Amino acid sequence: MRVHRDYEAFLQELGDRFPQERAGIRRFYDTCWQIFNCLNAIELLSLQEYRYLFRVFFQNPGACLGLARFLPQNIGDVARRYIRDPELLRFIDMECYCWSVVPADRTPAINAGMVFSDRHYGGINYPQGGVGQIGLALVRGLERHGGQIRYGARVTAIVPDRDGVTVRLANGESLRARRVISNATRWDTFDRLVPLPLPASEQRWRERYQPSPSFLSLHLGIRAEALPAATDCHHILLEDWQHLEAEQGTVFVSIPTLLDPTLAPPGRHIVHTFTPSWLAHWQNLSPSAYKARKAEAAQTLLARLERLWPGLTAAIEVQAVGTPRTHRRFLGRMDGSYGPIPRDRPWGLVGMPFNRTPFPNLFCVGDSTFPGQGLNAVAFSGFACGHLVASTLA
């Protein structure tokens with residue numbers, strides 16, 4: 001199944017695959033557009049800044065009420081209003097799982113409406129020079145406005161008090177600020193960094209959400225002739241729907257050099273393959289056993305990729321494997337987790353914490369704050385938090 005950028009072409013191909021569901025498919029995805037259009041009609045800033053809430057409601061009450069209607073809903077419930085075919089519902093599960101790491105019945109409708117529509121509205125665009133260019137652009141913006149980036153400055157403690165926050169670094173240095181924003185997960189922030197008892201609100205959140213798996217990543221440098229000329233950049237591979245959420249069940253593939261050939265030498269491609277994996281699968285191994293398990297997992301992934309591109313393994317010139325242990329070490333995230341997932345069926349986005357914390361001068365940002373996981377959601381968390389902090393300093 002190909003997900004076309006053109007909305008009508010996407011509906012046509014999906015409808016051809018499930019002709020008995022053609023009408024339901026359109027009604028479902030048109031409902032996602034209703035959510036997206038509400039989001040697109042209003043200025044999206046912090047929902048914890050009350051002056052903004054009053055202003056945006058009076059500017060566009062219809063869009064606000066439309067979003068409020070979907071706030072407690074999950075997209076799986078929306079899908080089942082219009083669709084009955086079990087395989088098609090599984091496809092919608094995959095549509096959610098590829099960015100939320102949970103199926104549709106645990107994915108908030110507002111998040112799904114944003115993702116399912118934005119790919120057709122603006123497309124999925126890749127930054128020239130690689131995804132790292134996004135971070136470099138943010139650095140340039142911060143420095144242009146007088147900010148400073150401290151690289152390799154490991155934080156060992158965040159100590160909030162009535163007047164501000166003290167941040168302690170591993171080199172013994174202490175930094176003082178009126179406001180501090182933690183981009184660590186809420187687990188890392190309150191378990192490892194804040195040397196105070198766990199607030200009751202954080203305990204309640206942990207009863208509703210748990211860490212998602214991390215990823216096993218396979219990075220390849222290959223000769224270009226291994227890929228057919230019409231190969232798409234992104235692929236998802238799953239042989240059995242029952243293994244959607246299993247350890248190393250669903251495989252995701254990204255080939256960025258199909259969009260930006262400058263990322264690799266002439267005649268070469270980069271293939272990044274990754275699949276969900278839990279840290280527990282990689283724990284308690286000797287160095288030799290760890291190395292052997294990585295090699296075995298890489299061969300298993302390559303065998304699955306060979307079904308898409310026969311001869312791929314023979315074209316490999318560079319190969320590197322990363323595990324949840326790699327993610328934990330280099331990203332500083334608990335268990336290398338991708339982010340929080342609901343333990344049970346959530347009420348949409350109700351219950352997801354916002355940027356404020358129980359400590360007035362400490363804020364959290366990222367995928368463990370509203371509205372959750374995925375690039376769009378995390379970007380919203382970032383500029384919502386920036387707006388909120390600025391409003392407290394005004």
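This report walks through a surface patch, some inner spaces and a few salt bridges in a predicted model.

## A nonpolar patch on the surface

Let's start on the outside. Five residues, Y50, F54, F57, F58 and L65, make a nonpolar surface patch of about 630 Å². Helix α3, which covers residues 50-59, gives the patch its largest share, four residues.

Y50 is a good one to find in the 3D view, and its place is in helix α3. Is Y50 buried or exposed? Y50 counts as exposed because its relative accessibility is 56%, and the cut-off for that word is over 50%.

## A pocket lined by nonpolar residues

Now look for the second largest pocket, which holds about 480 Å³ of space. Its lining has 22 residues, and the closest to the pocket's centre are L47, L67, L71, I110 and F370. Three elements give two or more residues each to this lining: α3, α4 (61-70) and α7 (109-121). Helix α3 turns up again here, with the largest share of the pocket lining, four residues.

What classes of residue line this pocket? The lining has 21 nonpolar residues, one polar residue and no charged residues.

## Two cavities

The structure also holds two cavities of 30 Å³ or more. The largest cavity has about 160 Å³ of space. Of the 17 residues that line the largest cavity, P108, P340, P371, G372 and Q373 are the closest to its centre. Both α6 (86-100) and β11 (340-342) give two or more residues to that lining, and β11 has the largest share with three. Sorted by class, the lining of the largest cavity has eleven nonpolar, five polar and one charged residue.

The second largest cavity has about 50 Å³ of space. Among the residues that line this cavity are L45, S46, L47, Q48 and F370. L47 and F370 may look familiar, since they are also among the residues closest to the centre of the second largest pocket. In the second largest cavity, six lining residues are nonpolar, four are polar and none is charged.

## Salt bridges

Side chains of opposite charge can pair when their charged atoms come close. How many salt bridges does the structure hold? There are 22 salt bridges.

One of them joins the side chains of R80 and D77, at 3.0 Å from N to O. Both residues sit in helix α5 (residues 75-82), three residues apart, which is about one turn of the helix. R80 is partly exposed, with a relative accessible area of 36%, and D77 counts as partly exposed at 26%. This pair also belongs to a network of salt bridges that links D77, R80, D105 and R345.

Another salt bridge runs between R307 and E239, with the closest N and O atoms 3.2 Å apart. This pair links distant parts of the chain, 68 residues apart: R307 is in the loop between α11 (287-306) and β10 (316-322), while E239 is in the loop between β7 (234-237) and β8. R307 is exposed, with a relative accessible area of 60%, whereas E239 counts as partly exposed at 40%.

## A residue in a loop

To finish, find P261 in the loop between β8 (251-254) and β9 (268-277). P261 counts as exposed because its relative accessibility is 55%. How far apart are P261 and E87 in sequence and in space? They are 174 residues apart in sequence and 36 Å apart in space, C-alpha to C-alpha.

Definitions and conventions
Residues numbered from 1 in each chain as written. Predicted model: local features only at pLDDT ≥ 70, side-chain atom pairs only at ≥ 80, totals over all residues. Heavy atoms only, no water. Patch = residues over 30% accessible without salt bridge, like charges linked within 9 Å, V, L, I, M, F, W, Y side chains within 5 Å. Areas by Shrake-Rupley, 256 points an atom, 1.4 Å probe, with all protein chains shown as cover. Salt bridge = Lys/Arg side-chain N within 4 Å of Asp/Glu carboxyl O. Buried < 20%, exposed > 50% of the residue type's maximum accessible area, 1.4 Å probe, protein only. 1 Å grid on protein atoms, 1.4 Å probe; cavity = no way out; pocket = protein on both sides within 12 Å on 5 of 7 lines; lining within 4 Å. Points joined across faces, edges and corners; volume = space filled by probe spheres on them. Nonpolar A, V, L, I, M, F, W, Y, C, P; charged D, E, K, R; others polar.
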